[in-house]
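Biologist: Thanks for making time for this one! Could you pick a single part, take me through it closely, and then show me what surrounds it in the rest of the model?

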Amino acid sequence: MSDVVVIGAGIAGIQAALDLAGHGIFVHLIEREPSIGGHMAQLDKTFPTNDCSMCILSPKMVDVSRHPKIKIYTLSEIEKVEGEIGHFRVTIKKHPKYVDEDACTGCGDCVQICPVEVYNRFDAGIGVRKAIYTPHAQAVPAKVVRDAGHCIDCGLCYDVCGPDAIRREDKDEEITIDAGSIVITTGYTIFDPRRKSQLGYLLLPDVITSLELERMINASGPTGGELRRLSNGAGPKSIIFIQCVGSRDMSIDRPYCSCVCCMQAIKNAILIREKHPEIEVTICYMDLRTYGKGYEEYLERAKRLGVKFLRGMPSDVLADKKGLTLQVENSETSEVLTIHPDLVVLSVGIGPADQTGQMAERFGLPVETTGFIRPLNDALDTVGTLKPGIYVAGTVTAPRDIPDSVASGGSAAMRAFIDTARTRSE
Ligand SMILES: Cc1cc2nc3c(=O)[nH]c(=O)nc-3n(C[C@H](O)[C@H](O)[C@H](O)COP(=O)(O)OP(=O)(O)OC[C@H]3O[C@@H](n4cnc5c(N)ncnc54)[C@H](O)[C@@H]3O)c2cc1C
């Protein structure tokens, strides 16, 4: 039976890999980051149940790592794809980790002794990590990676490493895989709010993104779960969420709805109010889109908890003597309000992951004007593509939430499974 290559190990790719492996198919799971898990690993809780995100994801990550029919390639990317359904030849480039993965025990001694601290992408920029690091506490594989770009080669990690796992030299490795089908689940990236400089992101320290907020309120995040103003470290007394930052905005060529931002803002507002009823939380919105099962009830729960919903969009966030200041017209009453929040959270939209266009080109797949990969048919075949044997799932085709990403991952897996069964009977 032929193998399947799954590219991108977020929740959609993980689900596809587990479903295929559960049906006896060998899966090669390719992930460009040092750990599998994708964005779901960065989230604190998930709407509309407020389940802890890692409590759902982490057992699946462990299942993937232990499954005899799944091989994980991290820090790896696709170089070349040749062939056709039943007979693909996929060449991947595995980037150097400067660590012997078999020897590393993940004890973390090297991380502790490393003197270099750099910006931590996993914490969305509000935390730091070392130059030799594990991406996060529940990373899979639970091994360290040496970031050669920031390492000062002081040698302390070599000295402290018992099993001698740290390599001074390492290089790219090229691996070729034969596969019957391919599932692409390379996910999304968040909108860079610097493109809307009037909102003050990276100019005013107390303007943060929704992903930064997720890391901040996460008990294993950089502040240990404490809400903090980045300007002075104090807890905020009032928070404003600004919705649709990078969504439904023709001025920056992002006409579409990002699908999850209303719900994630409601979720985080609920979590904040439940833990800190003294903090005033207001969500400034255009429309509230609570389209899924239990979502409208979730909105009602937020209202009962005292979250304020203000229909109106502030055009800019400024700083004055009182701190942050913004003006917003309540479009239901036409009243113009001036607000001085302690913290502003930009609910950033979802766009295609970096290099989605190049990857689609490599596979000969069309992309939408939005940059997402176009599935065969938006209504009738949302995981098939123009190329037989190549499937797409999760947010690589459009913004969607976790339940929809899981469902499409499973659906793409079953299509790839049918291919391999057909190839066998031919
Ligand atoms: C702030 C915020 C809060 C959210 N909260 C919720 C919530 O509470 N509930 C909910 O249902 N949804 C929520 N979402 C949406 C949720 O994050 C997504 O639905 C889900 O993570 C999508 O999973 P995915 O696997 O499609 O993509 P991703 O999680 O983006 O995974 C894609 C994976 O592919 C990898 N990759 C990318 N390019 C390549 C490449 N070229 N080669 C190899 N690997 C590659 C990436 O590194 C990543 O690991 C939230 C989103 C945001 C922004």
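**A close look at one loop**

Modeller: Happy to. N50 counts as partly exposed, because 15 C-beta neighbours lie inside 10 Å of it, and a residue needs 20 or more to be called buried and 12 or fewer to be called exposed. Please keep in mind throughout that this is a predicted model.

N50 sits in the loop that links β3 and β4. Its backbone deserves your attention: phi is positive, at about 60°, although N50 is not a glycine. The loop between β3 (45-46) and β4 (51-52) is also where you will find P48. The peptide bond leading from F47 into P48 is cis, and its omega is near -5°. So when you look at this loop, look for two backbone features: the cis bond from F47 to P48 and the positive phi of N50.

Each feature has a counterpart elsewhere. A cis peptide bond runs from V140 to P141, with omega near 0°. P141 is again a loop residue, placed between β10 (132-133) and β11 (145-146). As for phi, C259 has a positive value of about 75° and is not a glycine either. C259 belongs to the loop between β16 and α6. What makes C259 partly exposed? It has 19 other C-beta atoms within 10 Å, and the threshold for a buried residue is 20 or more.

From C259 you can step to the elements on either side of its loop. Strand β16 (residues 238-245) is mostly covered, with seven of its eight residues buried. β16 runs parallel to strand β17 (residues 280-285), and five bridges join the two. One pairing to click on is I242, whose bridge partner in β17 is C284. On the other side of the loop, α6 (261-275) is among the elements that supply at least two residues of the shell around the ligand.

The other elements that do so are α1 (11-22), β14 (188-190), α5 (210-216) and α9 (402-425). In total, 39 residues surround the ligand, and the closest are G8, G10, G38, G187 and G394. By class, this shell has 16 nonpolar, 15 polar and eight charged residues.

Where does the ligand lie relative to the domains? Domain 1 (4-95 + 172-187 + 353-425) and domain 3 (191-350) both contribute residues to the shell, so the ligand lies between them. The domain assignment also gives a domain 2, covering 109-160. The C-alpha centres of domain 1 and domain 3 are 31 Å apart. The two domains touch as well: 12 residues of domain 1 are in contact with 18 residues of domain 3. On the domain 1 side, the residues that touch domain 3 are four nonpolar, four polar and four charged.

Finally, zoom out to the protein as a whole. Its secondary structure comes to nine helices and 24 strands. Its C-alpha atoms fill a box of roughly 70 × 60 × 35 Å along the principal axes. The radius of gyration is 23 Å, which agrees with the value near 22 Å that a compact globule of 426 residues would have. Buried residues make up 46% of the 426. Among contacts with a separation of 6 or more, 68% join residues 24 or more positions apart.

Key:
Residues numbered from 1 in each chain as written. Predicted model: local features only at pLDDT ≥ 70, side-chain atom pairs only at ≥ 80, totals over all residues. Near = placed C-beta within 6 Å. Helix = DSSP H or I, 4+ residues; strand = E, 2+ residues; numbered from the N terminus. Nonpolar A, V, L, I, M, F, W, Y, C, P; charged D, E, K, R; others polar. Domains from an automatic or database assignment. Rg over C-alpha atoms; globule rule 2.2 N^0.38 Å. Contact = placed C-beta atoms within 7 Å. Pairing = 2+ DSSP bridges.
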